[in-house]
Amino acid sequence: MSRLVGLVTRRSALILFLVALAVRLVHLARSPHRDELFHVMAALSLLADGDLSVDGGSPYNRAWPFTYLIAGLFRLFGESLVVARLPGVVAGAGLVAILFLWVRKHVGDRAAWVSALLLCFDPSHVFLSQLGRFYAPHALFFFVGAIAAYYAVEPPWNMRRLLRGGIPSIVSFGLAYSLHIGTFLGLAAILSWLAFAAGPPIMRRLPKPRRWLLAPTAALAVVAAFFGLQAVTGLDIARTYTFADDWATNRSGNPFFYHQRLAYDYPTLWSLFPIAALIALTKAPRVTLFSTVVFLAGVGLASFGGMKHQR
């Protein structure tokens with residue numbers, strides 16, 4: 001029986017992947033978005049001259065692994081905007097299928113189909129999946145890293161589970177960071193959830209005289225991680241967090257930007273979100289707490305940062 005259920009689940013995920021793929025292939029040859037051309041020109045320069053220069057100027061190093069991927073696809077399938085958009089198309093469709101599998105495992109069939117279909121036909125996600133940019137692959141890598149982190153600390157806790165979830169999580173987050181620096185905000189959101197999920201059980205296991213040490217120890221660990229990341233990446237994280245390009249300065253000081261965008265783009269879903277979250281907590285408390293805390297913490301951190309965009 002379990003094999004039959006597994007077969008049906010895999011077939012359903014494959015069907016969703018193919019449907020999402022078909023949706024994202026429609027009008028794939030439309031006119032280019034300005035930002036796509038950076039990767040396209042850098043990939044052409046890489047093939048022709050071995051560097052990532054754009055119009056003979058300085059190299060375009062942003063998300064350079066993605067540019068290398070496009071250059072490889074150009075070599076295999078020819079140089080065209082459609083080819084440059086294929087990674088986003090596949091990643092966007094893959095995210096739909098993986099979301100279905102994850103929600104089905106932890107919640108059930110109905111929630112899995114609803115969530116996957118909402119993502120499959122979401123206009124914003126379709127648009128980002130059709131760009132020759134790194135946004136859809138970044139979302140896929142980050143989601144895989146997040147659910148691997150969830151698995152790593154899911155009870156019953158043991159070293160095997162920690163390694164089987166932790167290693168893929170680190171690799172996925174590393175790939176996500178190679179594409180977008182905003183990965184740091186997502187990691188901070190996941191750490192917020194870990195405080196909710198792991199803090200109370202650890203507290204209960206500690207002898208009472210040592211429990212008061214947990215909070216300062218965790219705070220020191222966060223500070224050490226902060227300065228460690230700065231040392232490894234060479235970034236001034238605080239300055240990067242508050243920085244905004246010239247085109248984004250008009251919204252950088254608006255902490256309600258994402259609330260306003262969500263209310264405008266998804267008025268029904270956003271207005272019903274608190275009720276849906278409360279209901280979901282009664283049905284699947286652990287996975288709902290994970291999803292809600294990571295989402296709200298991520299949006300909250302982004303709301304007070306410098307760069308803001310509906311992407």
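## A pocket and two cores

The largest share of the lining of the second largest pocket, five residues, comes from helix 4.

Biologist: Happy to dig in! What is the volume of the second largest pocket?

Modeller: Bear in mind that this is a predicted model. Helix 4 and helix 7 each supply at least two residues of this pocket's lining. The volume of the second largest pocket comes to about 180 Å³.

Biologist: How many residues of that lining are charged?

Modeller: The lining is made up of Ile 98, Leu 101, Trp 102, Lys 105, His 106, Val 144, Ile 147, Ala 148 and Tyr 151. Seven of these residues are nonpolar and one is polar. Lys counts as charged, so the charged residue in the lining is Lys 105. The number of charged residues is one.

Biologist: Which helix gives the most to the largest nonpolar core?

Modeller: That core has 36 residues, and Val 96, Trp 102, Trp 193 and Phe 290 have the most contacts inside it. Elements giving two or more residues include helix 1 (2-25), helix 4 (81-106), helix 5 (109-120) and helix 16 (285-303). With nine residues, the top contributor is helix 4.

Biologist: Good to know! Which residues is Val 96 in contact with, leaving aside its neighbours within four places in sequence?

Modeller: Val 96 is among the residues with the most contacts inside the largest core. Beyond those sequence neighbours, its contacts are Leu 16, Ala 20, Arg 24, Ala 116, Leu 119 and Cys 120.

Biologist: And how many residues are in the other core, which lies apart from the largest one?

Modeller: Among its members are Tyr 60, Ala 63, Phe 74 and Leu 128. The number of residues in this other core is 20.

Definitions and conventions:
Residues numbered from 1 in each chain as written. Predicted model: local features only at pLDDT ≥ 70, side-chain atom pairs only at ≥ 80, totals over all residues. Heavy atoms only, no water. Core = buried A, V, L, I, M, F, W, Y, C linked by side-chain atoms within 4.5 Å. Buried < 20%, exposed > 50% of the residue type's maximum accessible area, 1.4 Å probe, protein only. Helix = DSSP H or I, 4+ residues; strand = E, 2+ residues; numbered from the N terminus. Contact = heavy atoms within 4.5 Å. 1 Å grid on protein atoms, 1.4 Å probe; cavity = no way out; pocket = protein on both sides within 12 Å on 5 of 7 lines; lining within 4 Å. Points joined across faces, edges and corners; volume = space filled by probe spheres on them.
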